[in-house]
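Here is an informal walk through one chain, with the sheet and a couple of its helices as the main stops. Have the model open as you read.

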Amino acid sequence: MTSTVTPATGMPLTLPASVTKPRPVVIGLDVALNASGVAGDGWTDHVRCTSTSRHARLAYQLDGLSSFYRNADYVLIEGAAYSRGHTQGADVLAAMRWMIRHDLWKRRIPYAVITPSKRVTYAIGSTVHKDENGVRLTGTALKAVVKEAVEDTYGIHTEGPCKYDEADAYVLLAMGYAHLGHPLADVPATHSRALDGCDWSGFDKAVTR
């Protein structure tokens, strides 16, 4: 709680901290070379590049994504899925993520990197979901479940070729706001447990500075 003084009476008035401290600007990024999802409070968008040149894609994604986060207070980025085999494409994607992270560092914007499993857990409570035949959902099928959860939980409907990327970005955004004490929705403990174990060191240092 925070105390202030009413202009009429001069008497102290106690206000909730949420009234005196504005909600920070948080941006969620699902970074990729072809199409990256972007999310802010109440909206989603994407940056899509069709160039066949990897250098052109790197430049296009960096320029496009920075236009969304340049005035942000905090940024959430999806990290690598280390369980997947290493490929040349994974190497370039890692470079893309680090370009974004380095640009955020230069701009002094705190960021956190969230693993895909933590994102999925925060969205739907577990990384293991099965269809009506008991077959575990993976890939696009699992992304569709996350997209539906984003619509049900936050009222955010994504569509078009980048709908899954945008939904993923919104989950990252929601995790950031929840950690900062500004949850966008109440989620069950099975979901919120995903916040534990994430590296929030950049966020927490920024909050106390």
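## Starting from R57

R57 is found in helix 2; helices (H or I, at least four residues) and strands (E, at least two) are DSSP runs, numbered from the N terminus. This is a predicted model, where local features need pLDDT of at least 70, side-chain atom pairs count only at pLDDT 80 or more, and totals for chains, interfaces and linings use all residues. Residues are numbered from 1 along each chain as its sequence is written, and side-chain values use heavy atoms, with hydrogens and water left out.

R57 is buried yet has no salt bridge. Buried means under 20% relative accessible area, exposed over 50%, and partly exposed in between (1.4 Å probe, protein chains only). A salt bridge here is a side-chain nitrogen of Lys or Arg within 4 Å of a carboxyl oxygen of Asp or Glu. The nearest side chain of opposite charge, D165, sits 13 Å away; for charge, Lys and Arg count as positive and Asp and Glu as negative, while His and the chain ends are not counted.

What R57 does have is a polar contact between its side chain and that of N34, at 2.7 Å. A polar contact is a pair of N or O atoms within 3.5 Å; within protein, one must be able to donate a hydrogen and the other to accept it, and residues adjacent in sequence count only if both atoms are side-chain atoms. Setting aside residues up to four places away in sequence, R57 touches L33, N34, C49, S51 and T52, where contact means heavy atoms within 4.5 Å.

Q61 also has its place in helix 2, and it is buried with a relative accessible area of 0%. Leaving aside neighbours within four places in sequence, the contacts of Q61 include A32, L33, V47 and M96. Q61 and A32 are 29 residues apart in sequence, yet 8.0 Å apart in space, C-alpha to C-alpha. The polar contacts of the two side chains go like this:

| Side chain | Partner | Distance |
|---|---|---|
| R57 | side chain of N34 | 2.7 Å |
| Q61 | backbone oxygen of N34 | 3.3 Å |
| Q61 | backbone oxygen of V47 | 3.1 Å |

## The sheet

Now for the sheet: 5 strands, open, in the order 5-4-3-6-7, with mixed pairing. Two strands pair if DSSP finds at least two bridges between them. Strand 5 (43–48) and strand 7 (111–114) are the edges, each pairing on one side only. On average, neighbouring strands are turned by 20° against each other, direction ignored. Helix 2 (residues 54–69) packs on this sheet, touching strand 3 (26–30), strand 4 (35–40), strand 5 and strand 6, and its direction makes about 160° with that of strand 5. Axes are lines fitted to C-alpha atoms, for helices over the stretch in contact, and angles run from 0 to 180 degrees between N-to-C directions.

Strand 3 and strand 4 run antiparallel over 3 bridges, with G28 partnered by A39, and a hairpin of 4 residues joins the two strands. Strand 4 and strand 5 are antiparallel too, over 6 bridges; here G37 has H46 as its bridge partner. Their hairpin has 2 residues in between, and G42 in the turn has a positive phi of about 90°.

How many residues of strand 4 are buried? The count is 6 of 6. A35, G37 and A39 point one way, while S36, V38 and G40 point the other.

At the other edge, strand 6 (residues 74–78) and strand 7 are parallel over 4 bridges. L76 stands opposite A112, and V75 opposite Y111. Side chains alternate along strand 7: A112 and I114 point to one face and are buried, whereas Y111 and V113 point to the other and are not.

## Around strand 7

R108 lies in the loop between helix 3 (88–106) and strand 7. Its phi is near 60°, a positive value in a residue other than glycine, and R108 is exposed, with a relative accessible area of 64%.

Helix 4 (residues 116–124) has 7 of its 9 residues buried, so it is largely enclosed by the rest of the structure. Among the buried ones are R119 and Y122. The cover includes strand 6, strand 7, helix 5 (139–154), helix 6 (163–179) and helix 7 (189–192). Just after helix 4, G125 takes a positive phi of about 90°.
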